[in-house]
Amino acid sequence: MRKLWMKVLGVAGLLLLLAACTNNADSEGDKKHLTFVYNFATNSLDPNVDSSYVPLRAGITETLVRLNEDTLTIEPWLAESWEGKDEGRDWTITLREGISFQNGEPMDADAVKASLERSLKDNVAIQNALKIDSIEATDDRTLHITNTQAFPEFVSELVNPNVSIIDVEAGDFVNNPIGTGPFKLESFTPGSKLELVRNEDYWDEKAKLDSVTFSFNEDANARSLALESGNADVVFRPETESIESLEAKDGVKVESTETFRVHQLTMNMQREALKDVNVRKALDALINRVEIAKSVLLGYAQPAKGPFPDSLPFAPSYSDHETGEDVAKDYLEKAGYSLVDGKMQKDGVPLELTMLTYSARADLPLIAQIFQSDAKKLGIDVELRQIEIPEEYMAANRDWDLATYSNLTAPRGDAGYYLNATYHPDGALNFSGADEPELTKIIDELNVTVDTDKRAELAEAAANYVDENQINSFVIYPDTLVAYDETKVKNWVTTRSEYYMITNQLDVK
């Protein structure tokens, strides 16, 4: 009851906060203001380190290149052009002319060099992803980058929000990063909201909005209520159960867009029970993907066969899995388990698992509860443990067996990002602890391969290895749901990468 009461208070608090923002905006007369509610809170705006990517999503920072979501190709942004030599070991990047940071300082080659070097210094994941050996500013607009190895897909990694270009000399990266984007940060309340104002000196077309409130709330119901009450203009991932009522409300538009995201069951292969592939296959067989897509996401998802949805050009032809309680039981018997007095056990030790989940993605705890219930039928006790920041917890702790986790698998338009991050021994998201020499060899070959068809073959080989060895399980491909007031909001685009949200084209009527 106390938790329910606190939740009600949280919803009420959000509505009061957003109402205050709306009233303040209305008092500004004809100025164009928009209120956006996001599903993850952050206490840091450091774009080179923080995994929330809020500075890029809020239009404060930009990267050297960006993803064209229609063609799944890389296109110029702060960089005007680039050229790679020696199989991608050496790169020359030419910057656009005349770009300044939001404090008026020039975004020249020295400034970009300093920003990239800070990313490399402070973020081990970026070190592993970019593989940069040295950076040299050869003139005001030109960078020469040498990599530690052949790396033809290097430029695609520059899409990563953690290599957003900022003015390193400005300092206070946590509370006030200085980027080049169409919006400047006016104020930041950690865990609550950002207030943004238009960057009048933006290098491209000026933002159509004068100001934006970018607020956070991890309660999906609160996000939906904020839109229904008129206290928000756009909400990211409203509560699935509220979609019908939102669609029935005059002026509200709900968009459902297929993304590059997969909800997966991450398996900690360093735990004794999960070292046995038959145990991992048994747990995979217990996942009722069709039911989860229907009951948890109400059809706004597709059952997953692997990390990459079929819509991606490099998605493999996945083999069908047999699922169900009987299949799971057969795998457990191969692993030496048997059902004794209602408990699945081996050598007298019951199979008991700890599963992590987190509420910022409201569907993940529900998936965890369904899995817990299905495992119970087979005599497996699953303890659910709520955590806040999954990347931090899983990287620092190994006291868990399974975790519901949501991952963007192709945000650069290529398979390399996900495979490197999740299955390479040096990968930043390798929470399963995978260290498979055969798989690593495939990924390393992918990293130095240019030919598109050959890259697709290698991506398929890697995905099939993950599947055959059940390193992780893939549950569903969730659609991204966004709801907004279409009587007011203009030019909102629900992107597949989930990177580009508050843009210079976003407008109100």
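1. A charge counts as sitting over a ring if NZ of Lys or CZ of Arg is within 6 Å of the ring centre and within 35 degrees of the ring normal. In this predicted model, the charged end of Arg66 meets that rule with the ring of Trp77, 4.6 Å from its centre. Arg118 does likewise with Phe173, its charged end lying over the ring at 3.7 Å from the centre.

2. A word on the ground rules. Numbering starts from 1 along each chain as its sequence is written, and side-chain values use heavy atoms, with hydrogens and water left out. Because the model is predicted, local features need pLDDT of at least 70 and side-chain atom pairs count only at pLDDT 80 or more, while totals for chains, interfaces and linings use all residues.

3. On confidence, pLDDT (the predictor's confidence in each residue, from 0 to 100) averages 91 over the protein, and 94% of the residues score at least 70. Please treat two stretches with care. Residues 1-9 stay under 50, with 1 contact (heavy atoms within 4.5 Å) beyond four places in sequence. Residues 21-27 also stay under 50, and there the model has 7 contacts beyond four places in sequence.

4. Now the overall fold. The protein has 15 helices and 24 strands, taken as DSSP runs: H or I of at least four residues for helices, E of at least two for strands, numbered from the N terminus. The radius of gyration, over C-alpha atoms, is 24 Å, which agrees with the value near 23 Å for a compact globule of 509 residues; that rule is 2.2 Å times the number of residues to the power 0.38. Along the principal axes, the C-alpha atoms fill a box of roughly 70 × 60 × 35 Å.

5. Of the 509 residues, 56% are buried, meaning under 20% relative accessible area (exposed is over 50%, partly exposed in between; 1.4 Å probe, protein chains only). Among contacts with a separation of 6 or more, 69% join residues 24 or more positions apart.

6. You may enjoy the aromatics: there are 19 pairs, where rings of Phe, Tyr and Trp (its six-membered ring) have centres within 6.5 Å, with planes under 30 degrees apart called stacked, over 60 edge-to-face and the rest tilted. Tyr418 and Tyr423 have ring centres 5.5 Å apart and planes at 75°, so they are edge-to-face, and both are buried. Tyr499 and Tyr500 are also edge-to-face, at 6.0 Å and 85°. Tyr499 is buried at 1% relative accessibility, and Tyr500 is buried at 6%.

7. One aromatic cluster is worth displaying: Phe36, Tyr38, Phe40, Phe214, Phe216, Phe236 and Trp492 form it.
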